[in-house]
Each structure stands twice: as C-alpha cells, then as structure tokens.
Amino acid sequence: MRTYLVTGGAGFIGSNYIHYMFEKYGDEIRIINVDALTYAGNLENLKGVDERDNYTFVKADICDKDAISRIFAENDIDRVVHFAAESHVDRSIKNPEVFVKTNVLGTAVMLNCARAAWEKEDGTYPEDKKFLHVSTDEVYGSLPEGNGYFYETTPYSPHSPYSSSKAGSDMLVRAYMDTYHFPANITNCSNNYGPYQFPEKLIPLMINNALNGKKLPVYGDGKNVRDWLYVRDHAKAIDMVQEQGKLFETYNVGGHNEKQNIEIVQIIIDTLLEILPDSDPRKANVSRDLITYVEDRKGHDRRYAIAPDKIKAAVGWQPDTMFKEGIRLTIQWYLEHEDWMKNVTSGDYQKYYETMYNV
Ligand code: NAD
Ligand code: TYD
C-alpha cells in the first residue's frame, strides 16, 4: 500500500486532490495530510474523508522541521505531494514575508526531511520514493495580449511576491534534483476553479457577492486574462505526472481556456440568473449592475496562458471538464453549499478543528 504525505490538504486544491485520490484508489492507498490550518485551511473540505481508516490528519507547520521529520520517521512515506503554500497574490502584496517563509523555507524543510528519510548511503533513492512540487504558471511572468504561451522552457520572470516565492521554491526543488538526484517532479498549473475555493479568489468571490447583492470589484479594465482549469482536472494531472511522468521533469498543466476577468464575471451573473429558480430570494440580488471597476492590482500580470503539449504527449493528460460545464458545476456546488460559504465568511470554519479533534 502506497503512503502519501500531502501538505496543504485542507486547502482548495489539496482537499480536491484528496477526494479525487480516494475516489480513484479507495483503500489501496493511505494519505497523511499535514496542514497548519491557516485562514485558508478548512477541515470541513474533507468531511467524509476524515472517517476513513486510511486517512490521517496532522496539524503542523511545514516550516517546523521537527514535526515534519517526525512524520517521516513514524511512517514509511512513498509519495510527497506538496501543496502547502500562501497562495493569494493580493495578500502577498500586503504582507510578503509570510510568503517567503512558508513557500520558500517550508519547501526547503519538506525537501530536507524527505531527503533525510529517503536517501541511501550510496546517495541513491529507492525507486518508489517520489516528491511532487505543486507550482503555478505565475512564475513565468506575464504574456502580451493575445500572443504566445508559457512552455516548460520559458524563462522565469515572476512579478508578485507570491509568484517570486513560488519561483524560489521551484528553484530549490530543481537544485535538489540537480545536486542530490532527488526524485522529484514540478507541475506548473494555470488558475484553478471549483468546489472549496476560498472566497477571496475571483470566481467564488464573485459568486458569493452576486448572491448577496454586493458589488463585484473588477480590477483595472477587467481585460486581464487567466487560463482557467477545473480543479479535478488538476488533481488528475498531478496523479498522472507522479505515476507516469518522467522523474526530474517539469510539466505545465492547463486546458487552453483563456478568458478575460470581465467575461468570467458576466458568465457567472448569466449562469446564476439561468440556474436560480424565480422562487429563490437570492435571484433578485443578481445583476450586471453590481459590476464595479476598482483600482488595479499593483503589478497586475496581464495575461497567463499555458501550452499543455508536453504533459499531453508524455502521459496523455488532457482536461475532462470544459469551462462551460465546469463553471456550471462550480456555481451549482456553491448554491448547494450555502452553509460552507457562511462558515467561511463568518470565520466559523476555524472552530471545526476544535470540535472535530476535541482540542
Ligand atoms: P490554498 O490557499 O487554498 O491552500 C493552502 C493550504 O496550505 C491551506 O490548507 C493552508 O492551511 C496550508 N498552509 C499554508 N501555510 C502552511 C504552512 N506553513 N504549513 C502547513 N500548511 C500550510 O491554496 P490552493 O489554491 O489550494 O493552492 C495549493 C497549491 O497549488 C499552492 O502551492 C499554490 O501555489 C498552487 N497553485 C494554485 C493555483 C490556484 O489557482 N489556486 C494554481 C496553480 C498552483
Ligand atoms: P485571483 O483569483 O486572485 O488569482 P491570480 O491573481 O492568482 O490569477 O485573480 C484572478 C484575476 O481576477 C486576476 O487578474 C485579478 C482579478 N480579480 C479581480 O478583478 N477582482 C477581484 O476581486 C479578485 C479577487 C481578482
């Protein structure tokens, strides 16, 4: 039975990945989820999973090398999937330091502990040990409007403190591969959307605000472009890269779904108006009049777009969920999980750990 150490599994992508993995492998795998439960970590995202015998949650900071090395000492870890990070660009502009700490130092701790646990005396590693570092396309910088894509060979040119810290963490992983022949992969994915995303990010924020009749703050001219991928397709890509990809390689993950932010906001409004029955009182709140152009984000990258040719050729990955379907599934999920959203926006989700774990 393979044992996974997943970091940041209480966050948006990590929790979707854990759900995906248990749906795919059931009792064939074991997952240990280590998460510090920052504001972005929500154990409610893992309801149901937490009842499984082959799942364990450990509350720990990835910067805490004693805690992380203890997990490696007490368990025979076969796979590390490293999601834990500070992930929101706007927060990184306000408070860059915690991004450097978690994203760079935390990754260094994860690499060190994995290496210490796995490296044999002759400097080689057992064949079944693999580390996957989850990164972002934002490390490549910004593309001009309507022209070009990010490839694995595109030079790094990060602009925000978030993307710089992720670039730093990627470089550390590369250094471990080059220096110690450490068995790793890096995936650089485009913007994700789907269930369990914290409502500070564009899509859940706009859904929640629209339902509550609050303004929809569009930065700058609203024409910045992001390349959106349904989160489950990202989870699938990570698993395929780790099991079928070539070690030491980087893979870009994206589904050729470029959209301007203003288009996304309009699609959300139109879909809400279409899906909500007239009897739902929230429908009256939803209107294009809520769109409000606000001051632009500092250093706002204009366009991201991934060319996923390498991952497709290497492991046969391509997205299953097209945007038209994915955005409906996502909106439907938020409509059906009003309590989840209320708990998140009120801060109540942070009490879940105490209740669940009796601390
Ligand atoms: P998220 O902010 O929703 O979740 C991050 C998780 O990490 C939370 O559960 C949080 O509690 C945990 N965490 C933060 N600091 C920690 C620490 N010091 N120790 C232990 N746990 C800690 O983020 P996400 O959107 O799920 O992103 C996950 C990963 O994917 C990140 O590495 C991010 O850079 C990358 N990524 C995200 C996107 C996206 O669109 N969201 C796209 C590409 C790549
Ligand atoms: P975001 O979801 O924060 O992801 P990222 O910055 O990592 O791409 O933002 C996506 C895009 O939406 C980005 O161009 C900024 C823009 N945006 C807004 O216009 N208004 C908002 O309230 C937010 C959160 C983002």
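Which residues come nearest to ligand 2? Select ligand 2 and the 18 residues around it, each with a heavy atom within 4 Å, and Glu138, Pro217, Arg226, Arg297 and His300 appear as those that come nearest. This is a predicted model, in which local features need pLDDT of at least 70 and side-chain atom pairs pLDDT 80 or more, while totals for chains, interfaces and linings use all residues. Residues are numbered from 1 along each chain as its sequence is written, chains are lettered from A and ligands numbered from 1 in the order written, and side-chain values use heavy atoms, without hydrogens and water.

Next, display the polar contacts of ligand 2 (pairs of N or O atoms within 3.5 Å). A polar side-chain atom of Arg297 lies 2.5 Å from an oxygen atom of the ligand, and a side-chain N or O atom of Arg226 is 2.8 Å from an oxygen atom of ligand 2. The protein buries 97% of the 510 Å² that ligand 2 exposes when taken alone (Shrake-Rupley method, 1.4 Å probe).

Now move to ligand 1, where 28 residues lie around the molecule and Ile13, Asp35, Ser87, Tyr162 and Lys166 come nearest. Backbone atoms are worth displaying here: a polar one of Ala36 is 3.0 Å from a nitrogen atom of ligand 1, one of Ile62 is 2.9 Å from a nitrogen atom of ligand 1, and a backbone N or O atom of Asn192 lies 2.9 Å from an oxygen atom of ligand 1. Of the 830 Å² of accessible area that ligand 1 has on its own, the protein covers 97%.

Key
Polar contact = N/O pair within 3.5 Å; in protein donor to acceptor, adjacent residues only side chain to side chain.
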